[in-house]
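Let's take a friendly tour of a protein and the DNA strands beside it. Have a look at the structure first, and then we can walk through it together.

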Amino acid sequence: MKLRPLARSFFSRDPRLVARELLGKLLIRNRGRNVLAGRIVEVEAYLGEDDPAAHAAAGMTERNRVLFGPPGHAYVYFIYGQYFCLNVSCQPQGKAGCVLIRALEPLAGLEEMARARGLTNGARRESFGGARLQSCRSRIGEQAALAAEVNLTGKRKLTTGPGRLCQAMGITRARDNGKDLTSPRSSLWLADDGFRPRRILRTPRVGINRAARRLLRFVIADNYFASGKNG
DNA sequence: ATATCGATTATCT
DNA sequence: GATAATCGATATG
């Protein structure tokens, strides 16, 4: 399947539209020979200065200035003393707004991700593949299939959650804040592989106090890798 | 299965 | 000095 980068114009719109349409797209990390990739399955829209929950609400500061710059760039911030979160700037230059990427379905570089997340201990180490799960079911039987599902559970811990996915892909403020996400030559970029979500859910945003009732979280319905419920 | 809590620091008031 | 767009561990039903 061919990968198409997302154009600058894709991001130069209302964050609610961008959020909805980012579902199903790919986030790709190029690190020399290594490629880490995941499909976006959960996002949140943060509007401009009229959204009290947005970092842009109080106007431009040193931290959030990427939000006021050109669309399609990474806004990475540090939170709770230990995690990073990745956003994509939206709206034309001068107008703030962004989409927070909250969960990925991991597709490539899972061993690397597990290492970055500190999940390489013991039984979780091996066998992340879906193909292997199929083969377990047919060849080895129920016992092994059960073991493979344990691995699937582990797989969910790689990139479900905004802090986790940044850790898995090595995304930090120092490395990635302000980076252009529309170019395949960038070490971090967004792509369309033709996938379209079947059904999309809207819910309140997670972990905020202000404007807590607005339905600005978008999730691919029934996706195993979205945060919250289990698969 | 749900609830609560501690970690740890850049950023803003 | 208080807060925070989180996570993982622990406690409890």
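## Around DNA strand C

Of the atoms of DNA strand C that lie within 4 Å of the protein, 55% are part of sugar or phosphate, and the rest belong to bases. This is a predicted model, where local features need pLDDT of at least 70 and side-chain atom pairs count only at pLDDT 80 or more, while totals for chains, interfaces and linings use all residues. Residues are numbered from 1 along each chain as its sequence is written, chains are lettered from A and ligands numbered from 1 in the order in which they are written, and side-chain values use heavy atoms, with hydrogens and water left out.

Which residues are closest to DNA strand C? Tyr 77, Asn 87, Arg 117, Gly 163 and Arg 164 are, out of 20 that surround the strand (a residue is near a strand if one of its heavy atoms lies within 4 Å of it). By class, this surface has 12 nonpolar, 5 polar and 3 charged residues. Here Ala, Val, Leu, Ile, Met, Phe, Trp, Tyr, Cys and Pro count as nonpolar, Asp, Glu, Lys and Arg as charged, and the others, Gly among them, as polar.

## Polar contacts with strand C

Now for some atom pairs, each a polar contact (a pair of N or O atoms within 3.5 Å). A polar side-chain atom of Tyr 77 is 2.9 Å from a base nitrogen of DNA strand C, and a polar backbone atom of Ala 53 is 3.4 Å from a base nitrogen of this strand. At Gly 161, a backbone N or O atom lies 3.5 Å from a phosphate oxygen of DNA strand C. The elements giving two or more residues to the surface near DNA strand C are β4, β5, β6 and α6 (helices, H or I, have at least four residues and strands, E, at least two, as DSSP runs numbered from the N terminus).

## Around DNA strand B

The residues around DNA strand B are Ala 58, Thr 61, Arg 63, Phe 78, Tyr 80, Gly 81, Gln 82 and Arg 173. They divide into 3 nonpolar, 3 polar and 2 charged. Among the atoms of DNA strand B within 4 Å of the protein, 65% belong to sugar or phosphate and the rest to bases.

Two contacts involve bases: a polar side-chain atom of Gln 82 lies 2.3 Å from a base nitrogen of DNA strand B, and a polar backbone atom of Tyr 80 is 2.5 Å from a base oxygen. Arg 173 places a polar side-chain atom 3.4 Å from a phosphate oxygen of DNA strand B.

Terms used. Polar contact = N/O pair within 3.5 Å; in protein donor to acceptor, adjacent residues only side chain to side chain.
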